[in-house]
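Subject: Structure for you to look at

Hello,

Here is the structure I said I would pass on. Please open it next to this email and follow along.

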Amino acid sequence: MKPRVLVVEDERALVTMLRYNLEKAGFAVAEAFDGEEALLRVAEWKPDVVLLDWMLPLVSGLEICRRLRRSREARALPILFLTARSEEMDRVRGLDTGADDYVTKPFSPSELVARLKALIRRSQSGAGADRLLCADVAIDLAQHRVTRGHRRVHLGPTEFRLLSHLMRHKGRVFSREQLLDAVWGDDCEVEARTVDVHIRRLRKALNEGGASDIVRTVRSAGYAIDEPERAIPG
Ligand code: CA
């Protein structure tokens, strides 16, 4: 069965170009030209991945993304943002939009196809809809539970959001300011140092009993969580 991609974009010419390239690459394509239509199409057509423009009439791409993430069926649906400018890209990256990836216009169709395929692969091979995994740390997003191996890890709400954000974007380094935006929200008055305090609490809870540290401090840059290299047997 062909993978289904829903293209949400109001520029008709771009939609035509996208449809042509995506169908050529083996996708089934559906279109939505505004946010309301996008939400309907997701519910009815059940795409495998959504290609979502940032700038849309009626309901913004950001708002669609948030609504999808709040809904039960689409909570884990892979979303790739299309952004026109670097400020939009910064916002997608910095905010906890729940987007899985983003591409800046103008983009090469083959790059876009590769990213979409990677997202679908990741979502289908992964640990299931509501779980994030990294090494032996697992987050159950639906139940708000974190475990490490068989041990339950008790986190405060801020540490939980911090860990979810870092694990949703494994391998990516976030500055303190980006984490403040993503975890504390846009208009918070918190100092950057606060992030360090919560990272410390997070580490303490995760590493209880001498488990290895999965949070990486990047000097003068920020923090990341990395998937440990898989040991190759034999
Ligand atoms: Ca647009």
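Below is what was found in it, beginning with how far the coordinates can be trusted.

This is a predicted model. The mean pLDDT of the protein chain is 85, and 89% of its residues reach 70 or more. One stretch to treat with care is residues 230-234, where the pLDDT is below 50. Apart from near neighbours in sequence, that stretch has zero contacts in the model. Where pLDDT is low, the predicted coordinates should not be read in detail.

The parallel sheet

Five strands make up an open sheet with parallel pairing, and their order across the sheet is 2-1-3-4-5. Strand 2 (28-32) and strand 5 (101-104) are the edge strands, and each of them pairs on one side only. From one strand to the next, the twist averages 20 degrees. To see one pairing in detail, look at strand 4 (residues 79-83) and strand 5, which run parallel and are joined by four bridges. T83 stands opposite T104 in strand 5.

Two helices lie across this sheet. Helix 2 (residues 35-45) crosses strand 1 (4-8), strand 2 and strand 3 (49-53), and it runs at about 145 degrees to strand 2. Helix 3 (residues 61-70) lies across strand 1, strand 3 and strand 4, at about 170 degrees to strand 4.

The calcium ion

Which residues hold the protein donors of the calcium ion? They are E9 (OE), D10 (OD), D53 (OD) and M55 (O), and they lie 2.1 to 3.0 Å from the ion. Written along the sequence, the spacing of the donor residues is E-D-x42-D-x1-M. E9 and M55 link distant parts of the chain, being 46 residues apart. E9 sits in the loop between strand 1 and helix 1 (12-24), while M55 sits in the loop between strand 3 and helix 3. Is E9 buried or exposed? E9 is buried, because its relative accessible area is 0% and the cut-off for buried is under 20%.

The antiparallel sheet

Four strands form another open sheet, in the order 6-7-8-9, and here the pairing is antiparallel. Strand 6 and strand 9 (151-153) are at the edges with a single partner strand each, so one side of each has no neighbour in the sheet. The twist in this sheet averages 25 degrees from one strand to the next. Strand 8 and strand 9 pair over three bridges in the antiparallel sense, and V146 stands opposite V153 in strand 9.

Helix 6 lies across strand 6, strand 7 and strand 8, running at about 110 degrees to strand 7. Helix 8 also packs on the sheet, where it touches strand 7, strand 8 and strand 9, and its direction makes about 165 degrees with that of strand 9.

Helix 6 up close

Helix 6 (residues 157-168) allows a simple check of length. At 1.5 Å a residue, its 12 residues should span 16 Å, and its end C-alpha atoms are 16 Å apart, which agrees. The helix is mostly covered, with nine of its 12 residues buried. Among them are F160, L162, L163, L166 and M167, along with the polar-lettered entries T158 and H165. The buried residues of helix 6 pack against several elements, including strand 6 (131-134), strand 7 (137-140), strand 8 (145-148), helix 7 (176-184) and helix 8 (192-206). Strand 11 (222-225) is one of these partners as well.

Regards

How values were computed: Residues numbered from 1 in each chain as written. Predicted model: local features only at pLDDT ≥ 70, side-chain atom pairs only at ≥ 80, totals over all residues. Heavy atoms only, no water. Pairing = 2+ DSSP bridges. Axes fitted to C-alpha atoms, helices over the stretch in contact; angles between N-to-C directions. Contact = heavy atoms within 4.5 Å. Expected span 1.5 Å × (residues − 1). Buried < 20%, exposed > 50% of the residue type's maximum accessible area, 1.4 Å probe, protein only. pLDDT = per-residue confidence, 0-100. Donors = N, O, S within 2.8 Å, 3.2 Å for Na, K, Ca; no water.
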